[in-house]
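Reader: I'm new to this one and would rather look closely at a single part than skim the whole thing. Could you pick out one small piece, walk me through it, and then show me where it sits in the rest?

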Amino acid sequence: MKTRIVIYLAIVTIMLTVISVFVYLQQDHTSPEIDVPGGDITYIEGEEDAVLLAGVKARDDVDGDLSSEIRIYDVAVLENGQQALVTYAVYDKSNNLGKATRMVNYEASKTEAKKPEESTEEASSEEDTEEVTTEAVTEASVPEGYEDPEMVSTGAPVIKLNTHEVHIEADGDFYTMDYVEDAVDDKDSKEYLYDNMFLDSVYDKSKKGTYELIYFCVDSDGNRSNSAKLKLYVE
């Protein structure tokens with residue numbers, strides 16, 4: 001009797017494994033490709049993203065043309081202050097992330113807002129108010145159970161989000177990387193960590209509900225970062 005049970009369980013296990021492999025193979029695991037046009041362009045600090053997105057296209061083997069979904073992932077100004085490395089990113093409908101980079105000429109903004117002169121007492125008062133307001137906003141943006149870690153790496157990378165709650169309309173615009181504020185590692189660059197950022201969650205922006213998204217990244221030594229949580233409300 002026991003032998004029959006063991007054989008039965010083994011058969012069930014094999015069947016479940018086969019089914020799991022079949023389901024996995026049916027899913028889309030290929031990242032979309034981004035095509036960045038050649039030629040020099042100059043980006044002035046503060047300009048609209050459209051300047052950097054002009055002519056940039058994306059295509060996925062399953063979802064087709066994703067050009068309208070491309071976002072500016074990062075604009076990293078080089079030490080010379082005259083060039084910047086632009087990183088483009090796009091997700092397909094299966095949450096596969098595609099990225100591409102481009103070097104552009106960079107100019108700092110030529111206009112600076114001039115602040116009216118204020119008395120020392122007024123300035124001090126406004127500064128105190130600003131500190132209190134900023135502190136209140138920070139506390140309000142971190143709901144219970146959601147932590148913002150200290151951005152110091154002692155081996156494993158550390159990531160931080162710029163918010164922990166997002167409200168969108170069903171089928172509204174939602175780009176997961178818009179909410180990653182920073183990532184640091186004792187060895188790897190921010191760009192490397194962004195290229196190896198993952199989302200351990202399932203959500204559907206077309207269906208109303210509350211979803212908890214778990215962000216994490218992995219460094220070149222295989223160390224996994226903290227899990228940064230974002231609550232998505234589809235309304």
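Author: Sure, let's start with a pair of strands. Strand β3 covers residues 57-60, and three bridges join it to β1, with the two running antiparallel. For one spot to find on screen, look at Asp 35: its bridge partner in β3 is Lys 57. Keep in mind that this is a predicted model.

Now widen the view a little. The pair belongs to an open sheet of three strands, in the order β1-β3-β4, and the pairing is antiparallel. β1 (33-35) and β4 (64-65) stand at the edges with a single partner strand each, so one side of each has no neighbour in the sheet. As for what holds such an arrangement together, strands of a sheet pair through backbone hydrogen bonds, either parallel or antiparallel.

It helps to set that little sheet beside another one. Further along the chain, four strands make an open sheet in the order β9-β13-β12-β11, and here the pairing is mixed. The edges are taken by β9 (165-168) and β11 (197-199); each has a single partner strand, so one side of each is left without a neighbour in the sheet. On average, neighbouring strands of this sheet are turned by 25° against each other, direction ignored. Inside it, β12 (residues 209-217) and β13 (residues 228-234) pair in the antiparallel sense over seven bridges. If you'd like a landmark there too, find Tyr 215, which stands opposite Ala 228 in β13.

The edge strand β11 also turns up at the largest pocket. That pocket holds about 880 Å³ of space. It is lined by 30 residues, and the closest to its centre are Asp 92, Lys 93, Ser 94, Asn 95 and Tyr 203. The elements giving two or more residues to the lining are β6 (83-91), β7 (97-107) and β11. By type, the lining divides into 11 nonpolar, eight polar and 11 charged residues.

Finally, zoom right out. The chain's secondary structure comes to four helices and 13 strands. Of its 235 residues, 29% count as buried, which here means under 20% relative accessible area. And if you take the contacts between residues at least 6 apart in sequence, 54% of them join residues at least 24 apart. For a way back to where we began, return to Asp 35 and Lys 57, the bridge partners in β1 and β3.

How values were computed:
Residues are numbered from 1 along each chain as its sequence is written. This is a predicted model: local features need pLDDT of at least 70, side-chain atom pairs count only at pLDDT 80 or more; totals for chains, interfaces and linings use all residues. Side-chain values use heavy atoms; hydrogens and water are left out. Two strands pair if DSSP finds at least two bridges between them. Axes are lines fitted to C-alpha atoms, for helices over the stretch in contact, and angles run from 0 to 180 degrees between N-to-C directions. On a 1 Å grid over the protein atoms alone, a cavity is a set of points where a 1.4 Å probe fits but cannot get out, and a pocket is an open set with protein on both sides within 12 Å along at least five of seven lines; lining residues have an atom within 4 Å of a point. Grid points are joined across faces, edges and corners, and a volume is the space filled by probe spheres set on the points. Ala, Val, Leu, Ile, Met, Phe, Trp, Tyr, Cys and Pro count as nonpolar, Asp, Glu, Lys and Arg as charged, and the others, Gly among them, as polar. Buried means under 20% relative accessible area, exposed over 50%, partly exposed in between (1.4 Å probe, protein chains only). Contact means heavy atoms within 4.5 Å.
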